[in-house]
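Dear colleague,

Please find the structure below, together with its sequence. A summary of what was found in it follows.

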Amino acid sequence: MKTGLKITAFAAAVAATFGTAYGVGRSVDPIAAGEQKTARHAEGGHAKGGHEGGGRTEEAQDGHAGHGTSAAGAGAVPGGLQISERGYTLDLRTRRTAAAGERTELSFAITKDETGRKVTAYRTEHGKQLHLIVASRDLTVYRHLHPARAADGTWKTPLELPKAGGYRVFADFTPQAEKEGLTLGADLSVAGKYAPRELPAASRTAGAGDGYEVRLGGDLGAGSASELTLGVAKDGKPVTDLQPYLGSYGHLVALRSGDLAYLHVHPNKGGPGPEVSFTATAPSNGTYRLFLDFKHNGTVRTAEFTVHAGQSAGDHSEEHGHRPPVG
């Protein structure tokens, strides 16, 4: 099985944009079917601010073409910043949720062309037909969801967000009729009094609850490919038996602070821990949030990092000091 991944280096001409966030999983083959089917998410999904829909069984995929937007090119729009692309539109039916902390239902559809016809046929990628990311505008809340689709093409998922304010919803999918995937984005608001929170400082380590800690190795390069390694430990001991989750040992989503341009990355070839390796290219200097999903002992967890492309994460930690992640 191939799990190798290389994100195509972005041309210097688009260094000021997020490229297109394309190709992030396109060359990655799934882990052989055999992924454990006993995944039990913590309440609300991830044990720390991640997936929702606890109790869902995760299945290994039998093939995928990857996630992202169309191929990079001069003037290309970054992934997740458009609500419509290539004739497809993210029709977010739920634009405003209940008050912070209250469980609600998020409903949407992917429509095609000016007819508004709902798309009902999708390629299965990383075990699912569609991946939904919800992130707060200040990047301190993150959810990775897998909604259910009705026969008419309407997608629905339960959702509970912990604070009021603005959020961005990203739909990551590939229609059956297409060879290349798309990432479309739309705005969502949560009712209530809103007080934005400061982005956590850059740090080499991040907790994931219950004694789990993830250490980041390498630096995110701007305009050139760089390798990032994320090593998982529990109670100070390396975890060497990570479990496959959605066909791989780790999923990494990167969002650029300011515009929330989206990049979904999958790991290079490697075993079940303690380190998962990724190759990524940031198109510009700037601040990014990295969200690593990993699975161990049947639970999917999320570790969150702030990194500065073009500078060492260690440099920023020393300058600003370490603050634990919030969200």
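Two strands are taken to pair if DSSP finds at least two bridges between them; strands (E, at least two residues) are DSSP runs numbered from the N terminus. Please note that this is a predicted model, in which local features need pLDDT of at least 70 and side-chain atom pairs count only at pLDDT 80 or more, while totals for chains, interfaces and linings use all residues. Residues are numbered from 1 along each chain as its sequence is written, and side-chain values use heavy atoms, with hydrogens and water left out.

The sheet

Five strands form an open sheet with mixed pairing, in the order β3-β11-β10-β6-β7. Because β3 (96-97) and β7 (142-145) stand at the edges with a single partner strand each, one side of each has no neighbour in the sheet. Within the sheet, β6 (residues 130-136) and β10 (residues 165-173) are antiparallel and share seven bridges; Ala135 has Arg168 of β10 as its bridge partner. Strand β10 is also antiparallel to β11, through nine bridges, with Phe170 partnered by Gly185 in β11. By contrast, β3 and β11 run parallel and are joined by two bridges, and Thr97 stands opposite Val190 of β11. Of the nine residues in β11 (residues 182-190), seven are buried (under 20% relative accessible area, 1.4 Å probe, protein chains only).

Aromatic rings

The whole structure holds six aromatic pairs (Phe, Tyr or Trp rings, the six-membered one for Trp, with centres within 6.5 Å). Tyr212 and Phe294 form a tilted pair (planes neither under 30 degrees apart, which is stacked, nor over 60, which is edge-to-face), at 6.1 Å centre to centre and 55° between the planes. This pair links distant parts of the chain, since Tyr212 lies in β13 (residues 212-217) and Phe294 in β19, 82 residues apart. Both Tyr212 and Phe294 are buried. Ring pairs also link Phe108, Tyr122, Trp155 and Phe173 into a cluster.

Cavities

A cavity is a set of points on a 1 Å grid over the protein atoms alone where a 1.4 Å probe fits but cannot get out, and its lining residues have an atom within 4 Å of a point. Grid points are joined across faces, edges and corners, and the volume is the space filled by probe spheres set on the points. There are two cavities of 30 Å³ or more, and the largest has a volume of about 60 Å³. The largest cavity is lined by 12 residues, with Leu220, Ala254, Leu263, Ala280 and Leu290 nearest its centre.

With kind regards

Methods
1 Å grid on protein atoms, 1.4 Å probe; cavity = no way out; pocket = protein on both sides within 12 Å on 5 of 7 lines; lining within 4 Å. Helix = DSSP H or I, 4+ residues; strand = E, 2+ residues; numbered from the N terminus. Buried < 20%, exposed > 50% of the residue type's maximum accessible area, 1.4 Å probe, protein only.
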